[in-house]
Amino acid sequence: QLQLVESGGGLVQPGGSLRLSCAASGFTLDYYAIGWFRQAPGKEREGVSCISSRGDSTNYQNSVKGRFTISRDNAKNTVYLQMNSLKPEDTAVYYCAARRSYTCGYGGMDYWGKGTLVTVSS
């Protein structure tokens, strides 16, 4: 079965850090660009960050630039999102998604994970 599984979410205080993981099973991520998305309560899903299939190109939403870092380890078939200096407005369900393409982007995703909840609160 082809699937993506996110992990690493949880409750963190403002200013804290979390590292999300996106692990693939049933297929290799080598040929897939990966995107991280989030959906806050009452809001539409939005693209947060993406990385090319080779890991040599990345993109970040303006609100997370300088705080979040996306990376990938194709040997482990896993993509990561390191989130630092977290703010209450980062609270959301975070999803990873894959599309069979070299290019980083937020459209035309082929596979989606089920999400992991990140709550930033004191």
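**Exercise 1. Place the cysteine C50.**

Task: Decide whether C50 is buried or exposed, then find its bonding partner.

Solution.
Step 1. C50 has a relative accessibility of 1%, so C50 counts as buried. The cut-off for buried is under 20% relative accessible area. The model is a predicted one.
Step 2. Look for the partner. C50 is joined by a disulfide to C104, with an S to S distance of 1.7 Å.
Step 3. Locate both ends. C50 sits in strand β5 (residues 46-51), while C104 is in the loop between β9 and β10 (111-112), so the bond ties together parts that are 54 residues apart in sequence.
Step 4. Check C104 as well. Its relative accessible area is 16%, so C104 is buried.
Step 5. Find the hand. The S-S torsion of C50 and C104 is about 70°, so this disulfide is right-handed.

**Exercise 2. Complete the disulfide picture.**

Task: How many disulfides does the structure hold, and what is the pairing of the bonded cysteines?

Solution.
Step 1. Recall the bond type. A disulfide links the sulfur atoms of two cysteines covalently.
Step 2. Count. The structure has 2 disulfides.
Step 3. Take the pair C22 and C96. Their sulfur atoms are 2.1 Å apart, and a disulfide joins them.
Step 4. Place this pair. C22 belongs to strand β3 (residues 18-25) and C96 to strand β9 (residues 92-99), so the bond ties together parts 74 residues apart in sequence.
Step 5. Check burial. Both C22 and C96 are buried.
Step 6. Find the hand. The torsion about the S-S bond of C22 and C96 is about 70°, so the disulfide is right-handed.
Step 7. Number the bonded cysteines in sequence order. The pairing reads 1-3, 2-4.

**Exercise 3. Explore the surroundings of I34.**

Task: Which residues does I34 touch, leaving aside those up to four places away in sequence?

Solution.
Step 1. Find the residue. I34 is part of strand β4 (residues 33-39).
Step 2. Judge its cover. I34 has a relative accessible area of 0%, so I34 is buried.
Step 3. List the contacts. Leaving aside residues up to four places away in sequence, I34 touches L29, S49, C50, I51, I70, R72, V79, A97 and A98. One of these, C50, is the disulfide partner of C104.
Step 4. Compare sequence and space. I34 and R99 are 65 residues apart along the chain, yet 6.5 Å separates their C-alpha atoms.

**Exercise 4. Examine two backbone angles.**

Task: What is the sign of phi at N77 and at S85, and where do these residues lie?

Solution.
Step 1. Start from the general rule. Most residues other than glycine have a negative phi.
Step 2. Take N77. Its phi is positive, about 55°, although N77 is not a glycine. N77 lies in the loop between β7 (68-73) and β8 (78-83). With a relative accessible area of 15%, N77 is buried.
Step 3. Take S85. Its phi is also positive, about 50°, and S85 is not a glycine either. S85 lies in the loop between β8 and β9. With a relative accessible area of 41%, S85 is partly exposed.

**Exercise 5. Link A24 to N77.**

Task: How many residues apart in sequence are A24 and N77, and how many Å apart in space?

Solution.
Step 1. Place A24. This residue is in strand β3, the strand that also holds C22.
Step 2. Check its cover. A24 has a relative accessible area of 13%, so A24 is buried.
Step 3. Give both separations. A24 and N77 are 53 residues apart in sequence, and their C-alpha atoms are 5.9 Å apart.
Step 4. Add the contacts. Beyond residues up to four places away in sequence, A24 touches Q3, L4, L29 and N77. L29 is also among the contacts of I34.

**Exercise 6. Describe the whole protein.**

Task: How many helices and strands are there, and why does the radius of gyration agree with a compact globule?

Solution.
Step 1. Count the elements. The protein has 0 helices and 11 strands.
Step 2. Test the overall form. A compact globule of 122 residues would have a radius of gyration near 14 Å; the protein has 13 Å, so the two agree.
Step 3. Give the extents. Along the principal axes, the C-alpha atoms fill a box of roughly 40 × 30 × 25 Å.
Step 4. Look inside. Of the 122 residues, 45% are buried.
Step 5. Look at the contacts. Among contacts with a separation of 6 or more, 59% join residues 24 or more positions apart.
Step 6. Turn to the surface. About 6,200 Å² is exposed, and carbon and sulfur atoms supply 45% of this area.
Step 7. Compare the charges. The protein has 13 positive and 9 negative charges, and their mean positions are 1 Å apart.

Definitions and conventions:
Residues are numbered from 1 along each chain as its sequence is written. This is a predicted model: local features need pLDDT of at least 70, side-chain atom pairs count only at pLDDT 80 or more; totals for chains, interfaces and linings use all residues. Side-chain values use heavy atoms; hydrogens and water are left out. A disulfide is a pair of cysteine sulfur atoms within 2.5 Å. Helices (H or I, at least four residues) and strands (E, at least two) are DSSP runs, numbered from the N terminus. Buried means under 20% relative accessible area, exposed over 50%, partly exposed in between (1.4 Å probe, protein chains only). Contact means heavy atoms within 4.5 Å. The radius of gyration is taken over C-alpha atoms; the globule rule is 2.2 Å times the number of residues to the power 0.38. Accessible areas come from the Shrake-Rupley method with a 1.4 Å probe; for residues, only the protein chains shown count as cover. Lys and Arg count as positive and Asp and Glu as negative; His and the chain ends are not counted. The place of a charge is taken as NZ of Lys, CZ of Arg, CG of Asp or CD of Glu.
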